[in-house]
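Reader: Hi! I'm new to looking at protein models. Could you walk me through this one?

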Number of protein chains: 2
Amino acid sequence: MPEINRQILLVSRPQGAASADNFRLVEAPLAPLADGEFRVRNHYLSLDPYMRGRMSDSKSYAAPQPLNEVMIGGTAGEVVESKHPSFAVGDKVTGMFGWQEFGTSDGRGITKVDDTRVPLSAYLGVVGMTGVTAWYGLNRIIAPQAGETVVVSAASGAVGSVVGQLAKLAGCRAVGIAGGETKCRYVVQTLGFDACVDYKAGRLCEDLEKATPNGVDGCFENVGGVVFDTTLARMNAHGRIAVCGMISRYDPNHAALANAGAILTQRLALRGFIVYEHPDVWPEALQQLGELVAYRKLHYRESVAEGLEAAPQAFLGMLEGRNFGKQIVKLI
Amino acid sequence: MPEINRQILLVSRPQGAASADNFRLVEAPLAPLADGEFRVRNHYLSLDPYMRGRMSDSKSYAAPQPLNEVMIGGTAGEVVESKHPSFAVGDKVTGMFGWQEFGTSDGRGITKVDDTRVPLSAYLGVVGMTGVTAWYGLNRIIAPQAGETVVVSAASGAVGSVVGQLAKLAGCRAVGIAGGETKCRYVVQTLGFDACVDYKAGRLCEDLEKATPNGVDGCFENVGGVVFDTTLARMNAHGRIAVCGMISRYDPNHAALANAGAILTQRLALRGFIVYEHPDVWPEALQQLGELVAYRKLHYRESVAEGLEAAPQAFLGMLEGRNFGKQIVKLI
């Protein structure tokens with residue numbers, strides 16, 4: 001039985017941009033299991049933009065991550081030891097064990113998953129929180145009609161890639177925004193979007209106009225800042241905007257919105273949302289997403305960092321858009 | 001019978017802020033009535049912020065006002081001559097005759113009104129477009145629960161004053177934002193709001209915080225810019241924002257929104273709206289508003305400019321917040 005658990009703690013809050021100094025890798029002994037507990041060896045850790053919000057103690061939808069505790073995070077792994085009647089050694093499970101190699105639980109918040117048709121790591125992404133995030137924002141907020149144009153920022157990312165593919169399946173024109181030629185090519189050629197605008201090319205305004213000749217009916221916003229502002233100016237009357245991420249706002253130099261007047265002139269509906277607040281949609285969404293993955297109708301890509309010690313740099317890279325697909329850490 | 005009609009035309013579009021030079025007063029002969037027509041002597045002309053949008057030819061929800069034609073505007077008056085079977089001399093009517101002393105119509109778009117319980121000018125405001133605007137934004141977008149806090153900008157204005165009073169009738173804490181001590185005193189003492197913040201006092205942030213100790217659940221936004229931005233930062237989770245006006249955006253130096261991140265962190269719902277797009281609510285809203293005015297449960301105030309020639313300066317003053325209550329022009 002393993003005796004040592006490696007963990008990453010948050011030890012300080014960012015002043016401005018987050019940095020590797022905010023984290024510390026520690027080793028902690030694993031206590032023997034009590035009755036009713038089981039131990040999980042985490043195979044995968046999910047890295048997500050929401051974690052940046054938890055690192056600060058400013059007003060947000062969630063309590064800040066406490067200092068000197070294991071960083072919060074979703075995990076997928078295998079039960080390696082059990083004194084719990086419903087969890088057996090070998091069971092595959094997902095949970096929120098955080099940035100550490102082992103987790104101990106009494107079963108609360110833990111979900112058994114079937115990895116025979118869907119790979120285990122997919123439950124951290126396309127058939128997990130990120131997939132449901134895409135599903136909710138597209139279906140419950142944008143609610144697109146066939147023939148409408150849907151724009152998605154961070155289009156090659158974990159959420160954006162699913163939004164665009166679901167929009168295509170709904171008969172829409174799907175237009176992505178991403179950083180760099182490689183990502184844009186992936187979005188169009190592999191994911192099947194109709195177009196993708198490279199915001200790093202320096203012609204965001206003109207390129208988005210060309211890619212959306214009929215304007216924009218639905219916007220799934222993952223980025224904020226200039227990208228969001230530019231999309232606002234392309235919105236059609238009665239457009240719907242799902243506000244899912246505003247990475248830019250975490251940095252003090254983020255651009256303010258100059259085109260907010262479009263909310264009025266185009267009578268837009270904007271809604272910010274957190275997918276955890278809508279547990280009612282999860283079963284339907286996960287069932288659809290799982291089927292699409294099992295039948296290879298939904299493409300997804302992972303950016304895999306190796307080993308727990310790689311998590312901080314992988315996380316910082318993701319905040320800067322250096323990952324390509326859903327960022328995970330392989331722990332075993 | 002009158003032979004001369006005085007009119008104000010839009011003769012140029014604003015470069016930056018609107019100015020009196022954009023308008024010209026002209027005299028035009030009145031043609032004899034054709035069969036099926038009637039002539040109205042306009043008693044009152046309504047001046048409203050939307051007119052500023054029409055003066056420009058930028059992308060907006062409505063076509064721009066054509067140059068060298070009579071400025072668009074709502075009017076209330078009396079039939080003075082008729083060759084129409086359903087409109088008789090002496091009938092009181094409202095319509096969109098624009099910035100002129102007489103209007104000629106075949107009846108389309110004209111509504112007969114009863115001025116025995118409700119004063120004629122009120123049909124241009126509290127029992128007209130501005131009142132329904134307040135009613136729609138509050139009831140259909142904010143949908144406040146008793147005990148919630150509703151913030152209204154331009155609180156002493158035509159729309160804002162109705163929003164706050166309806167919010168109070170719904171059991172809410174109503175907090176206004178207005179410019180200057182006089183307006184703020186009016187908002188609290190005459191209109192009955194719980195508090196009013198003077199944005200010209202230089203402590204908008206602190207004062208709004210004090211006036212909204214439990215945060216803000218509903219925001220009725222009439223102004224945009226810094227006032228809106230400051231309110232955004234006070235929003236509670238799941239707050240609703242009715243975006244009705246963004247006067248600031250008409251000027252090139254308007255402030256951009258720095259607190260848009262609250263849309264995500266507080267999971268806000270924002271909706272821009274134009275009351276003309278919701279004809280279904282007008283009968284219910286007008287009936288309620290008319291009753292409240294007739295029974296003196298809804299206070300309203302008018303800022304009256306005298307004579308058609310006073311309209312341009314009164315309009316410019318309204319854009320700068322110099323009016324006090326619904327801005328109208330008395331034409332007779």
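Reader: How many residue pairs are in polar contact between domain 1 of chain A and domain 2 of chain A?

Author: Three residue pairs are in polar contact between domain 1 of chain A and domain 2 of chain A. Keep in mind that this is a predicted model.

Reader: Which helix gives the most to the side of domain 1 of chain A that touches domain 2 of chain A?

Author: That would be helix H1 of chain A, residues 50–55, with three residues. The residues on that side of domain 1 of chain A are nine nonpolar, six polar and five charged.

Reader: Cool. And how many salt bridges cross that interface?

Author: The rule finds zero salt bridges between domain 1 of chain A and domain 2 of chain A.

Reader: Okay, so how much area do domain 1 of chain A and domain 2 of chain A bury between them?

Author: About 1,500 Å², with 60% of it on carbon and sulfur atoms. In terms of contacts, 20 residues of domain 1 of chain A meet 14 residues of domain 2 of chain A.

Reader: Where are the two domains in chain A, by residue number?

Author: Domain 1 covers 4–125 + 300–330, and domain 2 covers 129–276. Their centres, taken over C-alpha atoms, are 28 Å apart.

Reader: New topic! How many aromatic pairs are there over all chains?

Author: There are 16. One of them is Phe23(A) with Phe315(A), an edge-to-face pair at 6.1 Å centre to centre and 85° between the planes.

Reader: What does that pair tie together?

Author: Phe23(A) sits in strand E2 of chain A and Phe315(A) in helix H9 of chain A, so the pair ties together parts 292 residues apart in sequence.

Definitions and conventions
Residues numbered from 1 in each chain as written. Chains lettered and ligands numbered in written order. Predicted model: local features only at pLDDT ≥ 70, side-chain atom pairs only at ≥ 80, totals over all residues. Heavy atoms only, no water. Domains from an automatic or database assignment. Contact = heavy atoms within 4.5 Å. Buried area = accessible area lost by both parts, 1.4 Å probe. Salt bridge = Lys/Arg side-chain N within 4 Å of Asp/Glu carboxyl O. Polar contact = N/O pair within 3.5 Å; in protein donor to acceptor, adjacent residues only side chain to side chain. Helix = DSSP H or I, 4+ residues; strand = E, 2+ residues; numbered from the N terminus. Nonpolar A, V, L, I, M, F, W, Y, C, P; charged D, E, K, R; others polar. Phe/Tyr/Trp six-rings, centres within 6.5 Å; stacked < 30°, edge-to-face > 60°.
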